[in-house]
Amino acid sequence: MDSDQLPEFFYEIFAASLPRLGPGDEASTLKALDLWRWAGPQRKNRAARCAARILDIGCGNGAQTLVLARHTEGSILAVDNHQPFLDELQRRAKAAGVSGRIQVSLRDMRSLNASDGPFDLIWSEGALFVMGFREGLTACHSLLAPGGGLAASEMCWLRPDPPDACRQFFAETYPALTDIETNLAAIRACGYEIVGHFPQPESAWWEPYYHPIEERLGRLRKQYAAEEEKRSMIEGIQKEIDLYRQYAAFYGNVFFVMRRRWT
Ligand SMILES: C[S@@+](CC[C@H](N)C(=O)[O-])C[C@H]1O[C@@H](n2cnc3c(N)ncnc32)[C@H](O)[C@@H]1O
């Protein structure tokens with residue numbers, strides 16, 4: 001398999017038909033949305049009204065987009081760089097009767113700029129890391145109206161003493177992985193007030209994400225038994241899953257909810 005085939009096979013594993021494409025669940029999306037809604041002096045009504053223009057960055061097949069559509073009254077621009085995910089999002093939105101408020105856009109999130117905004121609320125579950133969490137915070141700041149909200153989930157160290165195997169894995173795959181305090185400091189430094197933050201439960205990794213992928217890996221392992229490079233990609237993803245199975249106490253996905261400072 002040459003390198004051109006790798007992305008194609010990657011998308012055979014991370015297929016649009018999966019429930020979602022990163023760790024997360026409806027309860028976490030709603031918890032973050034509630035944090036945002038209840039933030040600030042005028043509370044729910046104002047925050048709900050302010051969520052009129054919503055941007056979902058790295059929306060994937062729309063797991064969180066649909067939750068937002070069902071629980072807000074805003075219009076949502078859902079951005080991803082993989083068309084099959086957007087097609088699936090639209091199919092699910094239609095089935096849920098919310099397609100009228102969701103517009104999809106096939107583009108690189110790094111091309112978003114102030115002329116696309118301003119937005120009242122930006123959502124990004126497990127995707128700001130593509131730009132780099134801090135760079136993503138800066139990019140979102142210029143897309144938000146003053147006082148607008150950003151809710152983003154990001155993988156973090158949950159304990160300061162990860163075992164060597166765990167540390168080594170992320171040194172190779174995500175060297176920017178850092179702890180919650182460092183991310184909170186970055187959020188403040190990038191011009192936001194922190195509304196709240198919470199770690200997602202382990203079940204948000206297993207039920208909607210790793211379990212369906214593991215099931216898929218089992219099938220693909222048989223199908224591509226003779227294709228070494230595909231097998232190697234399958235085992236690489238299996239290794240990531242096994243790592244979480246063993247070391248979930250040491251790292252996890254944390255939802256950060258923040259507000260762009262008024263000045
Ligand atoms: C970990 S998945 C999360 C998807 C979704 N938010 C969820 O939680 O199910 C990251 C998403 O970012 C998208 N993505 C990756 N690089 C991107 C880029 N440069 N521009 C836009 N989207 C990108 C991927 O296609 C994928 O859908």
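**Close-ups of the ligand site, an aromatic pair and a cis proline**

**View 1. Side chains and backbone reaching the ligand.** In this predicted model, a nitrogen atom of the ligand is 3.1 Å from an N or O atom in the side chain of Asp108. Asp80 also makes its approach through the side chain: one of its N or O atoms there is 2.6 Å from an oxygen atom of the ligand. With Glu125 it's the backbone that matters here, since a backbone N or O atom of Glu125 lies 2.9 Å from a nitrogen atom of the ligand. On its own the ligand would expose 590 Å², and the protein buries 89% of that.

**View 2. The shell around the ligand.** Zoom out a little and you'll find 18 residues surrounding the ligand, with Arg20, Gly58, Asp80, Met109 and Glu125 the closest. How does the shell split by class? It has 6 nonpolar, 6 polar and 6 charged residues. The space that the ligand takes is the largest pocket.

**View 3. Phe133 and Phe256, ring to ring.** The count of aromatic pairs in the model comes to 21. Shown here is the pair formed by Phe133 and Phe256, which is tilted, at 5.7 Å centre to centre with 45° between the planes. This pair ties together distant parts of the chain: Phe133 belongs to helix H6 (residues 133–143) and Phe256 to strand E8 (residues 251–260), 123 residues apart.

**View 4. A cis bond at Pro118.** Most peptide bonds are trans. Have a look at Gly117 and Pro118, though: the peptide bond joining them is cis, with omega at about 0°. As for where to find Pro118, try the loop between strand E3 (102–106) and strand E4 (119–125).

Conventions:
Residues numbered from 1 in each chain as written. Predicted model: local features only at pLDDT ≥ 70, side-chain atom pairs only at ≥ 80, totals over all residues. Heavy atoms only, no water. Near = heavy atom within 4 Å. Polar contact = N/O pair within 3.5 Å; in protein donor to acceptor, adjacent residues only side chain to side chain. Areas by Shrake-Rupley, 256 points an atom, 1.4 Å probe, with all protein chains shown as cover. 1 Å grid on protein atoms, 1.4 Å probe; cavity = no way out; pocket = protein on both sides within 12 Å on 5 of 7 lines; lining within 4 Å. Sits in = over half its atoms within 2 Å of the grid points. Nonpolar A, V, L, I, M, F, W, Y, C, P; charged D, E, K, R; others polar. Phe/Tyr/Trp six-rings, centres within 6.5 Å; stacked < 30°, edge-to-face > 60°. Helix = DSSP H or I, 4+ residues; strand = E, 2+ residues; numbered from the N terminus.
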